[in-house]
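Please look over the structure below, and then follow the account from its interior outward to the surfaces that its chains share.

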Amino acid sequence: MAEALGAAALLVLATVVAGLARVLRGPGIADRVMAAQLLGTGGIAVLLLLGAATGTPGLTDAALTLALLAAFATVALARGAPGEDGDPPA
Amino acid sequence: MTLLLDAFTVAAVLAGLLFFVAGTAGLLRFPDTASRLHALTKADHLGLGLIVLGLAAQAESAGGVLRLFAVWALVLLSSAASGPILARLARRGGAGG
Amino acid sequence: MTAGHLADLLIAAAILALALGVVLARQVFTAVALFVAFGLLMGFAWVRLEALDVALTEAAIGAGLSGLLLLGAARRLARTGAPVDEKPPRRAQVVAIGIACATVTAALGAAILALPDPAPSLAPMVVASLPALDLGNPVTGVLMGFRALDTLLEAAVLALAVIGIWALTPNRAWGGAPGWTQPRATEGPLALLARLLPPFGIVVAAHVLWVGADAPGGKFQAAAILAAMWLLPWMAGLAAPPPTGAAWLRAAVAVGPLAFILAGFGGLLLEGAFLAYAPGAAKATILAVEVVLTGSIAVALALLVLGPAVAR
């Protein structure tokens, strides 16, 4: 079971890393934020799978922290995007 | 019983993986931002949800199950909230950036 | 090749690609989005190195707070109209920078390869002495026990960093509220998130702080979560940050390091050495100091992200 869960973690990691191409390509701000958000969600899945595979409960806490901070980062990126509240694009 | 639980875990995690792969493929291949957002939320909600369901069957304590579902609930909440925020950002024409 | 090695290769390659992307990005926003992803992947690298405490901190600081800090800095830069050097560097400059970077990289690589195997380690001593502190997490033992002086100085550095950033305040804005003004969002998804997430965040932060004694976690990670939860209502425009002139705000930044120093002098009085803990009271003292420090670090981190006061 542990090997299967570890392999699943690797697959999710490979998938979301591939999704990072969207951060580079854009074209819009929303597309870049979306890829970062997918990396966050995928990262949470990786941590949970790895935690179950290795029997490390600490990884679930790390996933909890990441879930909170990923929500925060998405809001920060969307809110801090150039053009919000009429600032000149930075 | 253990065999049954293991089979459930494998099936659920595999289904979750499928949604992650499909979501990423959509994010990379769909032609416009709105459809890409649609693909992303599937990975967020169902991909992670199915993996959480699968892992819950393996958890050793009730606290472990609770924490797993807390993670999912947090992601559901933040993803549901960030979807409209991102859509607004895209519609306002956040090109370039 | 095992799955672990594959994951290591994947993470290392992605980190390098993202680092390159951050440097080469044409727009500030793209660079920041890539940097947030970079921070997340660094967190995975720490997980693979089995340094969960560092991974937690990296995920909280690197992927969460730094992104907002950098976006705020870019926004300020655009507003002041500070001239940005648009000219491409001359070829000689490019070559010189390239040689300097390559030298540093080669030196770092050589240093890593020259490390003795097995690496010299104090870990067995730490594990052997851990029962004296009643702690289960060796990282917390080192941070709050065996190398407590370093942690004390780090806490003081954060307070100094807040002072340094406040020193950039223009005269007419002194004592005013920090941060840029946010358009209000009283309803809609952003306001919902800003209202719902902080209670969860506070519970998770308390959990992370509490388990830090025996499992990965601790004050810095908890403080980063708390700071993020404090910044959320501000980002939604639901609450304005307090003025930097407020006495309670300044006291909140100072009380953590002060409590730590007091605990240190208590050790000097009772045990004859600065920061020595009385036998049996070690864990209680450490936890008390950690709780106060968490509050101070959270406020300091939030103030660092908010930046100096701006004239309105």
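**From the core to the interfaces**

In this predicted model, the largest nonpolar core holds 149 residues, and among these A:Leu48, A:Leu49 and C:Ala37 touch the most other members. The helix that gives the most to this core is α3(A), with 17 residues. In soluble globular proteins, nonpolar side chains tend to be buried together.

What does A:Leu48 contact once its neighbours within four places in sequence are left aside? Within chain A the partners are A:Thr60 and A:Ala63, while from chain B they are B:Ile51, B:Val52, B:Leu55, B:Leu68 and B:Val71.

A:Leu48 also belongs to a pairing of helices across the two chains, in which the axes of α3(A) and helix α3 of chain B, residues 62-91, come within 10 Å and cross at roughly 175 degrees. Because angles over 145 degrees count as roughly antiparallel, this crossing makes α3(A) roughly antiparallel to α3(B). On the side of α3(A), the contact is made by A:Ile29, A:Ala30, A:Val33, A:Met34, A:Gln37, A:Thr41, A:Ile44 and A:Leu48, and these meet B:Leu68, B:Val71, B:Val75, B:Ser82, B:Leu86, B:Leu89 and B:Ala90 of α3(B). Sorted by class, the contact of α3(A) with α3(B) comprises 12 nonpolar and three polar residues, with no charged residues.

This helix pair can be set within the whole contact between chains A and B, which takes 44 residues from chain A and 38 residues from chain B. On the side of chain A that touches chain B, the elements giving two or more residues are α1 (2-19), α2 (21-25), α3 (29-54) and α4 (58-79) of chain A. Of these, α3(A) gives the most, with 16 residues, and the residues on this side divide into 31 nonpolar, 10 polar and three charged.

Chain A also meets chain C, with 39 residues of chain A in contact with 49 residues of chain C. Here too α1, α2, α3 and α4 of chain A each supply at least two residues of the side that touches chain C, but on this side α4(A) gives the most, with 15 residues. By class, the side of chain A that touches chain C has 28 nonpolar, six polar and five charged residues.

As for confidence, the predictor gives the complex an ipTM of 0.86 and a pTM of 0.86. The mean pLDDT of chain C is 84, with 96% of its residues reaching 70 or more. Within chain C, confidence is highest in helix α4 (residues 91-113), at a mean of 93, and lowest in helix α6 (residues 138-146), at 78.

Terms used: Residues numbered from 1 in each chain as written. Chains lettered and ligands numbered in written order. Predicted model: local features only at pLDDT ≥ 70, side-chain atom pairs only at ≥ 80, totals over all residues. Contact = placed C-beta atoms within 7 Å. Helix = DSSP H or I, 4+ residues; strand = E, 2+ residues; numbered from the N terminus. Nonpolar A, V, L, I, M, F, W, Y, C, P; charged D, E, K, R; others polar. pLDDT = per-residue confidence, 0-100. Axes fitted to C-alpha atoms, helices over the stretch in contact; angles between N-to-C directions. Parallel < 35°, antiparallel > 145°, perpendicular 65-115°, else oblique. Core = buried A, V, L, I, M, F, W, Y, C linked by C-beta atoms within 7 Å. Buried ≥ 20, exposed ≤ 12 C-beta atoms within 10 Å, placed from the backbone.
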